[in-house]
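Let's take a walk through a protein together, one piece at a time. Keep the picture open while you read.

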Amino acid sequence: MQLPDKQPLMENVVVTSAGELKNLVEKGLSKGNGAFLKIFAKDSSGKYYLTILLDRSKILAAECLLVDKKQNLSGEEAISVLKSLIGKPMVVDVYDLDELEIKLSIADNVDVYVQTPKTSLAEFFETGEEGPPTKTEEMKATATATVTKSEIPATLPVVEKVKAEERAEEAAEKKQEIVPEEPKPAPMPTEEKKAAPAGKPEVVVNLSGGSVPERAFQLYAEDLLKEAKRIRGLRINRIEFDANVGEGVAYLNVRIYGNSDGSARDIEIAEKRMLHAVSKYAPVLLREAEVKPIVKDVSVVIDGQEVKPQEIVDKDKKKTGNVTKDGRISLAVLEDVWPYFSAYARTVITEIESAGIRVKKAYFDVKGRREFEINLSMVAEAGMAKEAVERIARDVLTRHARELGRSLKRYITVHNIDVEVLTPAVTSKAARETTVVTSSKAAEVLAKKELLEKEVEQLLKQAGIDELAPFTEEKKKEAEETMLKGRIEPAIETLKTRIHAEMKLIPRVTFKWLKLNHEIKDSTIQLDIEASFLREETGGLFGSFSGVSDSKIKKDIEDAIRRILREVSKEYSIRIELRRLNIIIR
């Protein structure tokens, strides 16, 4: 198991009983909220290296390496081995852990933690103290007692005989403490010596363009093999490095070949941990050879099955998606804290809207891993200045960020707030209310107008004049077009503003420019739209592998544009058609 980088509280302490081991555990727990034990022991079956993670009341995780067999045991099997070794000489290192270090240790060894039954310390040591002696111990005790008692002369006086028996018992105890068949082990070796494989895996280094000392790659491979030793059931057979060396830089392709006797879940964990190990230990090349490593491609082949870095699913993966069903609020943040920040986004938007600001679209981009930085891009309708909207939004975001930071025990800041303020649109209903005269006097005038038109048409028919009909239809058409133009111009302006604002919120790309041309055909507006975007590369060592395809981004952009067209068409009671759409992503 992995342990936070720290010095042991007690090192190379030899214990020979459950009581002594219990005292060591209590000393470790007295210095912190938990403890981590490294135990080295041996018996007639072989050598054992155990790692035990504890809190104040129970065993959290246990793992055992059978050194001779190169076999890992976890959970209940490891605890059983430890129980069988109690009473035999053991070399123990004790590390005291605070609450944060316990959490980090659990996270680093979550596969072992899940497999380990949470055994009470009181129950464990009670079982260890009351457990029956092994057959070997019984034989040694019987033989020692027989020899020592037989050495006492029968002719001695009673008092001297009792004293002689006492001296014999003391000698027996000393002999039992120093058993020639089971000498005390030497101080615990370093982790590198314990992890040394019987048959060393093959390391192949292919260099082009320059030279790098082979020792640097050997150390890199040794670090990868150490990591593999911590993974249950994994055996590494071959490591290949293809390095293209430039001026102070080495571009790496790393391939790892191995086998596993674990379950499908164990193999999946092994693949992901080895992929991370490649980037984790790459800086050894910078330290040893003074070249900056840039990992271009990685593959791990276990039992003939290859896995690529894009299959990594861990706490470093960033999730981008909608927080609400209507897609009005979207969020980009690490997967493991997505539930917290999605609730945060909904809460702050609700509070902002209670201040009289109608949020049309909001995109939260939360950067960082150990510390978080919140960036908000928002489009809203408000009857106030842009500066006032930004001030209200920043106050709300900062206040709730402090509360969330206390809950997560992380440092959270509000960095950038970009607000696009739209003037409240005049709806079609409001437009009709301004054009329709509701007074009784106006209604009377309109009724008289209709009667006069009917009388004029009747008189024209009686006179046999029909040429005026086309002229009347043309006038009606002109009047309709004039009325339509009065709604088209503000609709087009609103359309441009909203599309421009919405395009700024599209994740993974940067909006560059927009061209919008329109043509009126009958009573329909036909649009030609062209938009240009700059593709953003995601961060991280494997960023180039984890991006989203251009087709997916283009579909998101098209969906957003069509949604805006529907909204504006409904508001202004105008039919709008998208005749041509060209999306450019560079």
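Below, we go from the whole protein to its cores, its charged pairs and a few single residues.

First, some ground rules. This is a predicted model, where local features need pLDDT of at least 70 and side-chain atom pairs count only at pLDDT 80 or more, while totals for chains, interfaces and linings use all residues. Residues are numbered from 1 along each chain as its sequence is written, and side-chain values use heavy atoms, with hydrogens and water left out.

Let's start with the overall layout. The protein has 17 helices and 20 strands; these are DSSP runs numbered from the N terminus, with helices being H or I of at least four residues and strands being E of at least two. Of the 586 residues, 41% are buried. Here "buried" means under 20% relative accessible area, "exposed" means over 50%, and "partly exposed" is in between (1.4 Å probe, protein chains only). Now think about contacts, meaning heavy atoms within 4.5 Å. Among contacts between residues at least 6 apart in sequence, 66% join residues at least 24 apart.

Next stop: the greasy parts. A nonpolar core is a set of buried Ala, Val, Leu, Ile, Met, Phe, Trp, Tyr and Cys residues joined through side-chain atoms within 4.5 Å. The largest one has 36 residues, and Tyr220 and Leu224 touch the most other members. Several elements each supply at least two residues of this core, including helix 9 (214-229), strand 9 (234-245) and helix 10 (264-280). Helix 9 gives the largest share, eight residues. A second, separate core has 35 residues, among them Val337, Ala362, Val366 and Met378.

Zoom in on Tyr220 for a moment. Leaving out residues up to four places away in sequence, Tyr220 touches Phe241, Leu252, Val278, Tyr281, Ala282, Val284 and Leu285. While you're in this region, look for Pro283, in the loop between helix 10 and helix 11. Is Pro283 buried or partly exposed? Pro283 counts as partly exposed because its relative accessibility is 36%. The C-alpha atoms of Pro283 and Ile294 are 9.5 Å apart, with the two residues 11 apart along the chain.

Now for the charges. A salt bridge is a side-chain nitrogen of Lys or Arg within 4 Å of a carboxyl oxygen of Asp or Glu, and the whole structure has 28 of them. Glu227 is a nice one to find. Arg230 forms a salt bridge with Glu227, their closest N and O atoms being 3.0 Å apart, and both of these residues are buried. Arg273 also pairs with Glu227, at 3.4 Å between the closest N and O atoms. That second pair links distant parts of the chain, with Arg273 in helix 10 and Glu227 in helix 9, 46 residues apart. Arg273 counts as buried because its relative accessible area is 16%, and Glu227 has just 4% relative accessibility, so Glu227 is buried as well.

Want a longer reach along the chain? Try Lys361 and Glu502, which form a salt bridge with their closest N and O atoms 3.8 Å apart. Lys361 lies in strand 15 (residues 358-367) and Glu502 in helix 16 (residues 468-503), so this pair ties together parts that are 141 residues apart in sequence. Lys361 is buried at 12% relative accessible area, and Glu502 is buried at 8% relative accessibility.

Which residues join these two in a network of salt bridges? The linked residues are Arg358, Lys361, Glu381, Arg498, Glu502, Arg563, Glu567 and Glu571. One of them, Glu381, lies in strand 16 (residues 371-381) and is buried at 8% relative accessible area. The side chain of Glu381 makes a polar contact with the side chain of Arg498 (3.5 Å). A polar contact is a pair of N or O atoms within 3.5 Å; within protein, one must be able to donate a hydrogen and the other to accept it, and residues adjacent in sequence count only if both atoms are side-chain atoms.

Finally, visit helix 17 (residues 550-572). Its 23 residues reach 33 Å from first C-alpha to last, close to the 33 Å expected at 1.5 Å a residue, where the expected span is 1.5 Å times one less than the number of residues. Buried residues in helix 17 include Ile553, Ile557, Ala560, Ile561, Ile564 and Glu571. An α-helix has 3.6 residues a turn, so residues three or four places apart point the same way. After helix 17 comes Ser573, with a positive phi near 55°.
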